[in-house]
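Open the model in a viewer and keep the sequence panel visible. The stops below run from the N-terminal part of the chain onward.

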Amino acid sequence: MTKKNIVIIGASGHASVIIDIIEQNNQYNILGLIDSYKPKNSRLFDYKILGAETDILQLIQTKQIFGGIVAIGDNSTRKLMVEKIKTIAPDFSFINAIHPSAIIGKGVTIGFGNVIVAGTIINSNSNICNHCIINTKASIGHDSTLASFSSVASGATLGGGVKIGESAIICLGSTVLGNLTIGKHALLGAGAVAVKNIPNNAVAIGVPAKVTKQREENTPYL
């Protein structure tokens, strides 16, 4: 059966992780990469950069591209790119990249455009919306929800029934106790332990995590 052609939008470290996942799953044919900041025809692994996102519509028409995935780690930047692609090419199909070693529990629902990296665990009845990142060895407790464009970094642990708001950031090795809510655009710092809800746009650090300041949606954090 002929594999559908896809492109990866972004050509940095996160893209290399996604390439590895897609190659291991052997479901799609990676035609190349899209990146506005790197020279056309330069390479990541064996794949050429085909152009910028403004070239996507032409590539769809000439190269029979089915869709692809946005390989941008920063939540707000990833959201802006997804919205831009939807405007340029409304029929573009966003795929998931789910590593074969990930453990996905019974009743888990997963939207589209998500990156689920090696060693992750998503327990039963959880809901992963769209364009989320769940990184290496992160653990999502049962009945939890990740809203669109949120990210859970490597080694982070969410208890059962946790709700992660849109574009929220759960940093490396942090922990969220069960049945808590992390608000939209909030950031839980590396190694922090959330023992109570974190409001929208808050930055919380420490053990136990305490809110130290507020952040704008587009504030850099990577």
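The expected span of a helix is 1.5 Å times one less than its number of residues. With that in hand, and bearing in mind that this is a predicted model, begin with a helix.

**Stop 1: helix α1**

Select residues 13-25, which form helix α1. At 1.5 Å a residue its 13 residues should span 18 Å, and the end C-alpha atoms lie 19 Å apart, so the two values agree. Now colour the buried residues of α1: His14, Ala15, Ile18, Ile19, Ile21 and Ile22. They cover an arc of only 165 degrees around the axis, which puts them on the same side of α1. An α-helix has 3.6 residues a turn, so residues three or four places apart point the same way. Step just past the end of α1 to Asn26, where phi is positive, at about 55 degrees.

**Stop 2: strand β5 and its partners**

Select residues 65-70, strand β5. Five of the six residues in β5 are buried, leaving the strand mostly covered. Add residues 4-9 for strand β1, which runs parallel to β5 and is joined to it by five bridges. To check the register, pick Asn5, whose bridge partner in β5 is Ile65.

Next show residues 93-94, strand β6, which is also parallel to β5 and joined to it by two bridges. Here Gly67 has Ser93 as its bridge partner in β6. Follow the backbone from β5 through helix α3 (residues 75-88) to β6: this β-α-β crossover is right-handed.

**Stop 3: a five-stranded sheet**

Move along to the open sheet with the order β9-β12-β15-β18-β21, paired in parallel. Its edge strands are β9 (109-110) and β21 (181-182), each pairing on one side only. Inside this sheet, select β12 (residues 127-128) and β15 (residues 145-146), which run parallel and are joined by two bridges. Ile128 has Leu146 as its bridge partner in β15.

**Stop 4: Asn135**

Finish at Asn135, in the loop between β13 (133-134) and β14 (139-140). Is Asn135 buried, partly exposed or exposed? Its relative accessible area is 24%, so Asn135 is partly exposed, since buried means under 20% and exposed over 50%.

Show the side chains around Asn135. Leaving aside residues up to four places away in sequence, Asn135 touches Val117, Thr120, Val152, Ala153 and Ser154. The Asn135 side chain also makes a polar contact with the side chain of Thr136, at 3.4 Å. For a last distance, pick the C-alpha atoms of Asn135 and Ile170: they are 35 residues apart along the chain and separated by 10 Å.

Methods. Residues numbered from 1 in each chain as written. Predicted model: local features only at pLDDT ≥ 70, side-chain atom pairs only at ≥ 80, totals over all residues. Heavy atoms only, no water. Helix = DSSP H or I, 4+ residues; strand = E, 2+ residues; numbered from the N terminus. Buried < 20%, exposed > 50% of the residue type's maximum accessible area, 1.4 Å probe, protein only. Contact = heavy atoms within 4.5 Å. Polar contact = N/O pair within 3.5 Å; in protein donor to acceptor, adjacent residues only side chain to side chain. Pairing = 2+ DSSP bridges. Right-handed = clockwise from strand over helix to strand, strands pointing away. Arc of directions from axis to C-beta.
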